[in-house]
Amino acid sequence: LAARVTREQSTRRDGGPLVEWVRALGVPVHTVPFDKKFRPGPARAVARIAREQRIDLVHAHGLVATFYCLLARIVFGMRAPILYHQHGFHHRNYGAATVGLRKAIERWACHRVERVIAASSDDRDLLIAGGYAPNEKIAILKYGIPEPIPTAEQTERVRAAIPFLGSAPLVGIVSRLHIQKGIEVFLRAAVRVRELAPATRFAVVGTGEIEAEMHALAHTLGLDDVLVFTGTLPSVACHPFFDVAVMSSRWEGLPITLLEYMASRRAIVITRIPGCLEAVGPDEAETVPVDDPESLAAAILRLLHDPALARARGEAARRRFEASFTLPVVAAQYLDLYREVLAS
């Protein structure tokens, strides 16, 4: 039995929406609410569950969850091996004053778990170069996602949030509004696209730390009548409406949003960063340099002006998704790793 430990996924203290989804599959779920204040209670609870349920292996997602699992072993006697699933280098999302400490904590965790899991080859290389873990300790497990099939209710929510659906070509981005995601680059590219394809409309789906700043920039750029900030929407219901789906990120591990674009057969434009290029290549997407709104606009226009090319890219992306990123494909890779660790 492998236990999967993850952080809460909502402001509720019941484990978030993942809990009911997993329970619906018939999998026993034991919720352990925790936060970044690092109290001993959650670690004690993890150790107790591991003992009572006779857990053989713990798969911890993210550094905070892994810290609690290690605390459960070091302080409370949990005996199960621990896998640390590293979902990108998040120290870049914090102030410079704490970067060194965050790196030190992550190195400490990597040295004490049985295996470290990277989401991409690039993340593996960074783990090795940064002294977090040696190559032989790292496994690469790419993400798998369920088939993105929206419900009727989700589709209606999207229709209500985006007023110009069906009346014009739509270029969309689904993203947390954070400096990592290059939203301002998308907005500046939208200005150029609008100049050369005036009928085009734009949607930014998501919320985040720089939301107010991005609203102000869009207004300054004169995009108020052609662009909508939708706030939070079910992403799987947004993609089918996008004629072109964009990721303008400055760095990524392996973005789930990109996999959803691929599964939905979207014509995709991405920035040329390793985390994205492990999922798609030139056959599946248009790729552009980071922080280059002119190149981003040119790629969007190329797909808008050539529907046959857009369809070909979308179909190629779907084939790549089916070959590498479905749940059955990735679940088999997880099982192989679990067996390897338990046999060692």
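**Exercise 1. Burial of helix α10**

How many of the eight residues of helix α10 (residues 256-263) are buried?

*Solution.* The model is a predicted one, in which local features need pLDDT of at least 70 and side-chain atom pairs count only at pLDDT 80 or more, whereas totals for chains, interfaces and linings use all residues. Residues are numbered from 1 along each chain as its sequence is written, and side-chain values use heavy atoms, with hydrogens and water left out.

Step 1. Fix the terms. Buried means under 20% relative accessible area, exposed over 50%, and partly exposed in between (1.4 Å probe, protein chains only). Helices (H or I, at least four residues) and strands (E, at least two) are DSSP runs, numbered from the N terminus.

Step 2. Apply the cut-off. Seven of the eight residues of α10 are buried, and the helix is thus mostly covered. They are Thr257, Leu258, Leu259, Glu260, Tyr261, Met262 and Ala263.

Step 3. Identify the surroundings. With contact defined as heavy atoms within 4.5 Å, the buried residues of α10 pack against β6 (170-174), α9 (235-238), β9 (244-247), β10 (268-271), α11 (274-277) and α13.

**Exercise 2. The packing of α10 on α13**

Describe the geometry and composition of the contact between α10 and α13.

*Solution.* Step 1. Axes are lines fitted to C-alpha atoms, for helices over the stretch in contact, and angles run from 0 to 180 degrees between N-to-C directions. The axes of α10 and α13 come within 7 Å and cross at roughly 115°.

Step 2. On the α10 side the contact is made by Leu259, Met262 and Ala263, and on the α13 side by Ala317, Arg318, Arg320 and Phe321.

Step 3. Ala, Val, Leu, Ile, Met, Phe, Trp, Tyr, Cys and Pro count as nonpolar, Asp, Glu, Lys and Arg as charged, and the others, Gly among them, as polar. By this scheme the contact of α10 with α13 has five nonpolar, no polar and two charged residues.

Step 4. Examine one participant. Alanine 317 is placed in helix α13 (residues 307-324), and counts as buried because its relative accessibility is 0%. Not counting residues up to four places away in sequence, alanine 317 touches Met262, Ile268 and Glu284.

**Exercise 3. The nonpolar cores**

Which residues touch the most other members of the largest nonpolar core?

*Solution.* Step 1. A nonpolar core is a set of buried Ala, Val, Leu, Ile, Met, Phe, Trp, Tyr and Cys residues joined through side-chain atoms within 4.5 Å.

Step 2. The largest such core has 68 residues, and Leu187, Leu258 and Met262 touch the most other members. Apart from this core lies another, of 32 residues, including Ile49, Ile55, Ala60 and Val113.

Step 3. For leucine 187, setting aside neighbours within four places in sequence, the contacts are Val204, Met214, Leu217, Ala218, Leu221, Leu223, Leu227 and Phe229.

**Exercise 4. Two packings of helix α3**

Classify the packing of α3 with α2 and with α4 by angle and handedness.

*Solution.* Step 1. Angles under 35 degrees count as roughly parallel, over 145 as roughly antiparallel, 65 to 115 as roughly perpendicular and the rest as oblique. A crossing is left-handed if the near helix is turned anticlockwise from the far one by less than a right angle, and right-handed if clockwise.

Step 2. Helix α2 (residues 40-52) and helix α3 (residues 63-74) have axes that come within 8 Å and cross at roughly 70°. The pair α2 and α3 is therefore roughly perpendicular, and the crossing is right-handed. Pro40, Pro42, Ala43, Val46 and Ala47 of α2 meet Tyr68, Cys69, Leu71 and Ala72 of α3. This contact has nine nonpolar, no polar and no charged residues.

Step 3. Between α3 and helix α4 (residues 96-112) the angle is about 50°, with the axes 10 Å apart. Hence α3 is oblique to α4, and α3 passes α4 in a left-handed crossing. The residues of the contact of α3 with α4 divide into seven nonpolar, one polar and four charged.

**Exercise 5. Positive phi outside glycine**

Where does arginine 265 lie, and where does aspartate 291 lie?

*Solution.* Step 1. Arginine 265 is in the loop between α10 and β10; its phi is near 60°, a positive value in a residue other than glycine. At 38% relative accessibility, arginine 265 counts as partly exposed.

Step 2. Aspartate 291 is in the loop between β11 (286-288) and α12 (293-305). Phi of aspartate 291 is likewise near 60°, and with a relative accessible area of 43% this residue is partly exposed.
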